[in-house]
Structure formats: C-alpha cells, structure tokens
Amino acid sequence: MNVVLQPIVNFGNWLWAFLATAVIALCGEEFAPSVLYTVKILLLILCIVLPLMGFMAYLTLLERKLIGWMQVRIGPNRVTFFGIRALGGLAQPVVDGIKLLLKEVIIPTGANKFLFVLAPIMLMMPALAAWAVIPFGPEMVLANVDAGLLYIMAITSMGVYGVVIAGWASNSKYAFLGALRSAAQIVSYEIAMGFALVGVLMASQTLNLVGIVEAQHGNLGLFSWFYIPLFPFFLVYLIAGVAETNRHPFDVAEGESEIVAGFHVEYSGMAFALFFLAEYINMILVAALCSLMFLGGWLSPFPESWGLLGVGGFHWLFAKIMFVLVLFIWFRATFPRYRYDQIMRLGWKVFIPITILWIAVLGAWMQTPLWVWWK
C-alpha cells in the first residue's frame with residue numbers, strides 16, 4: 001500500500017513546497033503561515049468532499065445493478081461510457097447529474113421562497129460537516145478532536161430541521177404530512193442510536209474516533225473488535241441508521257399510495273438533488289461509523305503475525321464500509337415496507353429497552369475478569 005501511495009505523497013509534498021514558496025513571495029513571511037493554514041484546510045476539505053461526491057454518484061449505480069441482480073431483472077445498461085458499449089452504465093450517474101442540473105427549479109405558489117431554498121441546504125450541510133471528524137487512518141483525519149463522537153451526535157441531529165422546514169415551506173399538505181412523519185421517525189430512532197453510542201463510549205473509554213478504533217486493536221484480529229461485546233448495539237445502530245436515512249423498508253415518508261414523495265414532493269432540479277445527495281452521504285456516514293465503532297475501522301481482520309494481510313490501512317476501512325452499504329441495498333431489495341405504527345413501535349418499544357438493558361449488562365460485564373476488550 002505504501003509503495004502505491006508513495007509517488008502521490010512525493011508529488012503532494014513537491015506541490016505544497018511550490019505553493020508555500022509562492023505564498024511567501026506574494027504575502028510576505030508575516031502573513032504566509034495564516035494563509036498557508038487556510039489553504040491547507042481548504043485543500044483537505046476538497047480531498048474529502050470531491051471523492052465523497054464521486055463515491056456517492058457511483059453508489060447509486062451499484063445499488064441499481066445489485067438490486068437488478070437480486071431481483072433477476074436488468075439494471076442500467078443503455079447509457080454508454082463515452083461511446084464504449086462494453087462499459088455501458090458507467091456514465092449513468094453522470095447523465096443523472098446533468099439531467100438534474102438542467103431541470104428547472106419550480107417554487108410553488110404560496111410557498112415561503114427563502115425557507116424553500118434553505119431547507120435542502122440545511123439537510124446537506126450537516127451531512128457534509130460530520131465528515132470533518134471521520135478518520136480514514138491513524139493520522140488521516142481533518143479534525144482529530146477529543147469529543148468526535150459527541151460532535152457526530154450533535155451535527156447529525158441538525159438534519160431534522162431541513163426536513164421539517166422543507167415540508168412546511170412547500171405550502172402543501174402532502175409535503176407537510178410527510179415532513180411530520182419523517183421528523184417523528186428521525187427523532188425516535190436518534191434516541192436508540194444515542195444509547196448505542198453510550199455503549200461504545202463505555203467500551204472504549206473515549207469520545208475520540210481514532211481512540212475508539214485503537215481500543216479495538218488486539219492480537220485476536222477480528223475477535224478484538226467491539227461487534228462481539230456490543231452486538232446488540234451494533235444491530236440497533238445499523239437498523240436505526242436505515243430508519244434515520246429514510247431508507248427502505250423504513251421510507252414511509254415516501255409512501256406513493258399515501259403521501260406521494262413525502263416532504264420533498266414539491267422539489268425539482270438541483271433542489272431535489274440536494275435531498276438525494278444528503279440521503280446517500282448520510283448512508284455512507286452511517287456505514288463509516290459502523291465500521292469505525294464496531295468493525296475495527298482501518299484495522300486488519302487478521303493478526304499482525306500474518307504479514308501483509310495483518311497490516312491495517314484505508315483499504316480495510318473501505319472494504320468494511322462497502323460491506324455495510326451492501327447490507328443497506330440488500331435490505332431495500334428484500335424487505336417489504338413497514339407500516340408507520342410498526343416503525344414507531346420498533347423504535348420505542350424494542351430498540352430503546354434493548355439498548356438500556358444492554359448498557360446495564362455491559363457495565364456489569366466490564367467489572368469482571370471476562371471483559372478482555374481493552375486498549
């Protein structure tokens with residue numbers, strides 16, 4: 001892995017040295033450090049956001065292909081990749097993006113125009129801001145803050161405001177009803193997710209996401225990860241993440257026979273695309289957090305004595321994220337949609353009691369010699 005990345009690292013170091021020399025020449029030695037720090041942060045943000053956008057776009061293609069394969073039907077196959085029919089379908093996300101860019105954004109009569117435009121931005125911003133503390137490796141993180149887990153809980157809970165405002169500002173009864181249903185679902189499952197994160201905090205003794213991954217480092221490989229002692233929390237967090245992102249089978253905000261497309265029924269063009277982007281970015285975020293908190297993050301599933309297979313790295317984190325994302329897609333291809341009362345009952349009467357009970361069990365377990373998951 002280091003051999004592959006070394007030329008890229010060398011080129012980046014050369015480019016940064018050239019940029020530093022140019023900034024010092026233009027701004028002087030007094031202001032150069034501040035300017036360079038700002039430029040560095042902006043470049044790191046681009047290094048996260050741009051690959052994330054590309055990954056999100058082709059995740060939609062993977063979802064279509066995988067569901068088509070699971071349901072024995074043909075997925076996207078008509079759009080060629082710049083005329084190369086053998087690569088048919090690879091240009092589908094590009095075509096979808098161009099289509100949404102060219103479509104007109106229609107604001108309904110009587111809608112609050114300011115809030116109507118602001119709502120998709122309010123949903124998109126927390127989805128992107130949460131990635132500031134997501135570590136891709138031991139030192140590959142934009143902001144390695146001590147309260148990273150608390151930051152994630154705080155920033156992701158802001159997305160519900162975008163949902164409520166989108167439904168209210170549209171001046172549509174269907175959109176408003178969909179916003180209320182979606183907001184109630186998000187708030188309900190956030191409680192269970194919060195209790196699941198309490199279990200992670202207890203096991204790792206830290207709120208730092210890098211520290212949580214390092215707490216799962218052990219000589220037993222994949223048996224040192226937290227998915228074993230925190231298995232109920234892992235299941236609750238994964239399923240609650242599906243509900244939080246309004247994914248099937250919990251996508252009751254988009255019941256075609258009841259409330260059409262839910263809170264974003266009046267949106268079109270790029271305004272609708274922002275809702276679409278936020279949903280998939282949040283889905284990738286949930287997969288990344290599942291991988292970091294329960295599946296060892298960038299740690300290898302094999303013991304270090306196995307040589308190259310035992311060496312951790314971003315490739316292992318990416319593989320685990322893809323595993324969780326395939327589960328998301330598998331759920332959509334398999335399960336029928338739940339009724340709304342069933343969804344609320346699952347969140348309040350099943351998940352919350354299970355997480356509270358397992359917190360008590362975990363606390364007692366950690367006081368015995370049988371607890372072996374230490375840093």
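Me: So helices here are DSSP runs of H or I, at least four residues, numbered from the N terminus; where is Asn 171 found?

Reply: In this predicted model, Asn 171 is found in the loop between α5 (159–169) and α6 (173–204). Its phi is near 60°, which is a positive value in a residue other than glycine.

Me: What about Val 72, what is its phi?

Reply: Val 72 has a positive phi of about 55°, although this residue is not a glycine, and it lies in the loop between α1 (2–70) and α2 (92–102).

Me: Is Val 72 buried or exposed?

Reply: Val 72 counts as exposed, because its relative accessibility is 76% and the cut-off for exposed is over 50%.

Me: Stepping back, how many helices and strands are there in the protein?

Reply: The protein has 11 helices and 0 strands. Of its 375 residues, 45% are buried, and among contacts between residues at least 6 apart in sequence, 75% join residues at least 24 apart.

Me: Okay, α8 and α11: at what angle do they pack?

Reply: Helix α8 (residues 231–244) and helix α11 (residues 340–365) pack at about 150°, with their axes 10 Å apart. That angle makes α8 roughly antiparallel to α11, since angles over 145 degrees count as such.

Me: And which residues make the contact?

Reply: On the α8 side they are Pro 232, Phe 233, Val 236, Ile 239 and Ala 240, and on the α11 side Phe 351, Ile 354, Thr 355, Trp 358, Ile 359 and Leu 362. These residues divide into 10 nonpolar, 1 polar and no charged. As for handedness, α8 passes α11 in a left-handed crossing.

Me: Staying in α11, what does Leu 346 touch?

Reply: Leaving aside residues up to four places away in sequence, Leu 346 touches Tyr 189, Phe 250 and Phe 351. The C-alpha atoms of Leu 346 and Ser 188 are separated by 9.7 Å, although these two residues are 158 residues apart along the chain.

Me: Now the loop after α8. Which peptide bond is cis?

Reply: The bond from His 248 to Pro 249 is cis, with omega near 10°, and Pro 249 is placed in the loop between α8 and α9.

Me: Asn 246 lies in that loop too; is it buried or exposed?

Reply: Asn 246 counts as buried, because its relative accessibility is 8%, where buried means under 20%. The side chains of Asn 246 and Ser 182 are joined by a polar contact of 2.8 Å.

Methods. Residues numbered from 1 in each chain as written. Predicted model: local features only at pLDDT ≥ 70, side-chain atom pairs only at ≥ 80, totals over all residues. Heavy atoms only, no water. Axes fitted to C-alpha atoms, helices over the stretch in contact; angles between N-to-C directions. Helix = DSSP H or I, 4+ residues; strand = E, 2+ residues; numbered from the N terminus. Parallel < 35°, antiparallel > 145°, perpendicular 65-115°, else oblique. Left-handed = near helix turned anticlockwise from the far one by under 90°. Contact = heavy atoms within 4.5 Å. Nonpolar A, V, L, I, M, F, W, Y, C, P; charged D, E, K, R; others polar. Buried < 20%, exposed > 50% of the residue type's maximum accessible area, 1.4 Å probe, protein only. Polar contact = N/O pair within 3.5 Å; in protein donor to acceptor, adjacent residues only side chain to side chain.
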